[in-house]
Amino acid sequence: MTTEKEAWQEKESSLEHRLCGIPFVQKTVELTETDSTNRIAKELAVGGAPEGTLVVAKRQSKGKGRLGRSFFSPEGGIYMSMVLRPKISAEKALLITTCGAVAVARAIERVSGCTTGIKWVNDIFVNGRKVCGILAEAGLSGNTEYPDYVVLGIGINVKQQSVPEELKNIVGCLEDTAQSHISNEELIVAVWEEFAMLYQNLSTAVYMEEYKARSILIGREVTVLAAEGDYRAVVTDIDKDGHLIIERDGREFGLSCGEVSVRL
Ligand code: BTN
């Protein structure tokens, strides 16, 4: 007779088994719960874990978002972080997040049939709601022109959850739109299959055309949330390095980080 614990292990090893079929994935660490898969992946990276080491958790108690925010991470979603050792300079760091965003958008469409849009730089939207956030964190020693490592963290809302009041109008989940069951395992595998293909072209970033085509910001008026005060601008383009090109008072310039908000 299979105990509950054994059944869980069998299921998890099935994920690992499927991920092993992707040559890029070297090792998978599966956790029931952790504070943050990005934190664990960074720890592994510092300890010498090779590129392709993946940490996956069923839930996070302290999921990390961009700009110091938290990422709501209840059971039912996908929380995972990949150790990368890219040979790109710090100025090109946005290419990792954009590569991840295209991979997730493709994977969601393949597995759920939902149409996705990308909100620069790291959010995936379905049906006007954020269903995925991406957080890339780099470790820099300054010894080489490249980062020591980059951890690419991806959180996807798959199942319906009781979402905190303040997130109700912003966050959605894939099963709401797909109106059918989505296998987390299938989606995780699809993300890394897509990512492995795109990552081969990281330095040339041929996928930027696709990133732009999926952008929900190009041509829209947005509010840029800036330290010196918020301002309105129009998004005219996204350049080959992933900078958001905006026009304000007749002048065009690029943003490499920060937050823009748009009414959807
Ligand atoms: C954002 O929307 O601001 C980015 C959210 C990134 C969340 C993912 S979930 C897996 C990984 N671990 C974390 O603590 N954060 C990322």
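Here are some notes on a predicted model, starting with a pair of helices and moving on to a few single residues.

1. Let's begin with helix H3, which covers residues 94-112, and helix H5, which covers residues 184-199. The two pack against each other with their axes 8 Å apart, at an angle of about 135°. That angle makes H3 oblique to H5, since anything over 145 degrees would count as roughly antiparallel and 65 to 115 as roughly perpendicular. The crossing is right-handed.

2. Which residues make the contact between H3 and H5? On the H3 side they are Ile 96, Cys 99, Gly 100, Val 102, Ala 103, Val 104, Arg 106, Ala 107, Ile 108, Arg 110 and Val 111. On the H5 side you'll find Glu 186, Leu 187, Ala 190, Val 191, Glu 193, Glu 194, Phe 195, Leu 198 and Tyr 199. Sorted by class, that is 14 nonpolar residues, one polar and five charged. If you want to follow the spacing in those lists, remember that an α-helix has 3.6 residues a turn, so residues three or four places apart point the same way.

3. Do the helix lengths agree or disagree with what you'd expect at 1.5 Å a residue? For H3, 19 residues should span 27 Å, and the end C-alpha atoms are indeed 27 Å apart, which agrees. For H5, 16 residues should span 22 Å, and the end C-alpha atoms are 22 Å apart, so that agrees as well.

4. Both helices are well covered. In H3, 16 of the 19 residues are buried. In H5 the count is 13 of 16, so this helix is largely enclosed by the rest of the structure. Just after H3 comes Gly 113, which has a positive phi, near 80°.

5. Val 102 is a nice residue to click on if you want to look around inside H3. Its relative accessibility is 0%, so it counts as buried, the cut-off being under 20%. Setting aside residues up to four places away in sequence, Val 102 touches Ile 118, Leu 198, Tyr 207, Glu 210 and Tyr 211. One of these partners, Tyr 207, is 105 residues away in sequence, yet the C-alpha atoms of Val 102 and Tyr 207 are 7.4 Å apart.

6. Now for two residues in strands. Thr 53 is found in strand S2, and at 1% relative accessibility it counts as buried. Apart from its neighbours within four places, Thr 53 is in contact with Lys 27, Leu 44, Ser 81, Met 82 and Val 83. Thr 53 and Arg 66 are 13 residues apart in sequence, with 22 Å between their C-alpha atoms.

7. Tyr 231 belongs to strand S9, residues 231-238. Is Tyr 231 buried or exposed? With a relative accessible area of 9%, Tyr 231 is buried. Beyond the residues up to four places away, it touches Val 222, Thr 223, Val 224, Ala 226, Ile 246, Arg 248, Phe 253 and Leu 255. Lys 159, 72 residues away along the chain, has its C-alpha atom 36 Å from that of Tyr 231.

8. A few backbone spots deserve a look. As background, most residues other than glycine have a negative phi, and most peptide bonds are trans. Here, the peptide bond from Trp 120 to Val 121 is cis, with omega near 0°. Val 121 sits in the loop between strand S4 (116-119) and strand S5 (123-126).

9. Leu 67 isn't a glycine, but its phi is positive, near 55°. You'll find Leu 67 in the loop between strand S2 (53-60) and strand S3 (78-84). Arg 69 is in the loop between S2 and S3 too. With a relative accessible area of 43%, Arg 69 is partly exposed, and, leaving out neighbours within four places, it is in contact with Gly 63, Lys 64 and Glu 259.

10. Last up is Gln 179, another non-glycine residue with a positive phi, about 60°. Where is Gln 179? It lies in the loop between helix H4 (174-178) and H5. Its relative accessible area is 68%, so Gln 179 counts as exposed.

Conventions
Residues are numbered from 1 along each chain as its sequence is written. This is a predicted model: local features need pLDDT of at least 70, side-chain atom pairs count only at pLDDT 80 or more; totals for chains, interfaces and linings use all residues. Side-chain values use heavy atoms; hydrogens and water are left out. Axes are lines fitted to C-alpha atoms, for helices over the stretch in contact, and angles run from 0 to 180 degrees between N-to-C directions. Helices (H or I, at least four residues) and strands (E, at least two) are DSSP runs, numbered from the N terminus. Angles under 35 degrees count as roughly parallel, over 145 as roughly antiparallel, 65 to 115 as roughly perpendicular and the rest as oblique. A crossing is left-handed if the near helix is turned anticlockwise from the far one by less than a right angle, and right-handed if clockwise. Contact means heavy atoms within 4.5 Å. Ala, Val, Leu, Ile, Met, Phe, Trp, Tyr, Cys and Pro count as nonpolar, Asp, Glu, Lys and Arg as charged, and the others, Gly among them, as polar. The expected span of a helix is 1.5 Å times one less than its number of residues. Buried means under 20% relative accessible area, exposed over 50%, partly exposed in between (1.4 Å probe, protein chains only).
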